[in-house]
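Here is a short report on one structure. Look at the sequence and the model first, then read on.

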Amino acid sequence: RLTMLGVALSCANAVKFVGLFVILLAGVFTLWQLWDVLGDPARPLAYTVRHFLARVLCLILLPVAMHMAFFYLHLVVVNQ
């Protein structure tokens, strides 16, 4: 589900300024969930690190990579 959210965030970012509000909303909810994970002392540190890394990979790196790929394709098509 995080991967699909990352794909959706990448697509939302491509839709002008409204996409930034969607990214902001997803970021607030992600921080809220991570705060719950960090606030539970019963969970081991490895669990917290896995959650953090999964969110960084799926919600930051994947949308940035997709956005750059779409922009590259756009430039390739425009320059033909």
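Where is the place of phenylalanine 17? Phenylalanine 17 sits in the loop between α1 (2-13) and α2 (18-39). Bear in mind throughout that this is a predicted model.

## The loop residue and the nonpolar patch

Phenylalanine 17 has a relative accessibility of 53%. The cut-off for exposed is over 50%, so phenylalanine 17 counts as exposed.

Phenylalanine 17 also belongs to a nonpolar patch on the surface. Its partners there are Leu20, Phe21, Ile23, Leu24 and Val28. Together the six side chains make a patch of about 580 Å². One of these residues, Leu24, is also listed among the exposed residues of α2.

## Helix α1

How does the span of α1 compare with what 1.5 Å a residue predicts? The twelve residues should span 16 Å, and the end C-alpha atoms are 16 Å apart, which agrees.

Four residues of α1 are buried: Gly6, Leu9, Ser10 and Ala12. Seen down the helix axis, these buried residues fall within an arc of 165°, so they line one face of α1. The cover over them includes α2 and α3 (45-78).

Serine 10 is a good residue to inspect on α1. Is serine 10 buried or exposed? Its relative accessible area is 1%, so serine 10 is buried. Beyond residues up to four places away in sequence, serine 10 touches Pro63, Met66, His67 and Phe70.

## Helix α2

Helix α2 passes the same kind of length check. Its 22 residues should span 32 Å at 1.5 Å a residue, and the end C-alpha atoms are 32 Å apart, which agrees.

Which residues of α2 are buried? They are Gly19, Ala26, Thr30, Leu34 and Val37. These residues cover an arc of only 75° around the axis, which puts them on the same side of α2. An α-helix has 3.6 residues a turn, so residues three or four places apart point the same way. The buried residues of α2 pack against α1 and α3. The other side of α2 has Val18, Leu24, Leu31, Trp32, Trp35 and Gly39, which are exposed.

## Where α2 meets α1

Two residues of α2 show the contact in detail. Take glycine 19 in α2. Its relative accessibility is 2%, so glycine 19 counts as buried. Setting aside neighbours within four places in sequence, glycine 19 is in contact with Ala12 and Asn13. The C-alpha atoms of glycine 19 and alanine 8 are 9.8 Å apart, with their positions eleven residues apart along the chain.

Valine 22 is also found in α2. What is its exposure class? Valine 22 is partly exposed, because its relative accessible area is 39% and that class runs between 20% and 50%. Valine 22 touches Leu9 and Ala12, again leaving out residues up to four places away. From C-alpha to C-alpha, valine 22 and alanine 12 are 6.9 Å apart, although they are ten residues apart in sequence.

## The salt bridge

How many salt bridges does a search of the whole structure find? The search finds one. Aspartate 40 forms a salt bridge with arginine 43, and their closest N and O atoms are 2.9 Å apart. The cut-off for such a pair is 4 Å. Side chains of opposite charge can pair when their charged atoms come close.

Both partners are partly exposed. Aspartate 40 falls in that class because its relative accessibility is 28%. Arginine 43 does so with a relative accessible area of 35%.

How values were computed: Residues numbered from 1 in each chain as written. Predicted model: local features only at pLDDT ≥ 70, side-chain atom pairs only at ≥ 80, totals over all residues. Heavy atoms only, no water. Patch = residues over 30% accessible without salt bridge, like charges linked within 9 Å, V, L, I, M, F, W, Y side chains within 5 Å. Areas by Shrake-Rupley, 256 points an atom, 1.4 Å probe, with all protein chains shown as cover. Helix = DSSP H or I, 4+ residues; strand = E, 2+ residues; numbered from the N terminus. Buried < 20%, exposed > 50% of the residue type's maximum accessible area, 1.4 Å probe, protein only. Expected span 1.5 Å × (residues − 1). Arc of directions from axis to C-beta. Contact = heavy atoms within 4.5 Å.
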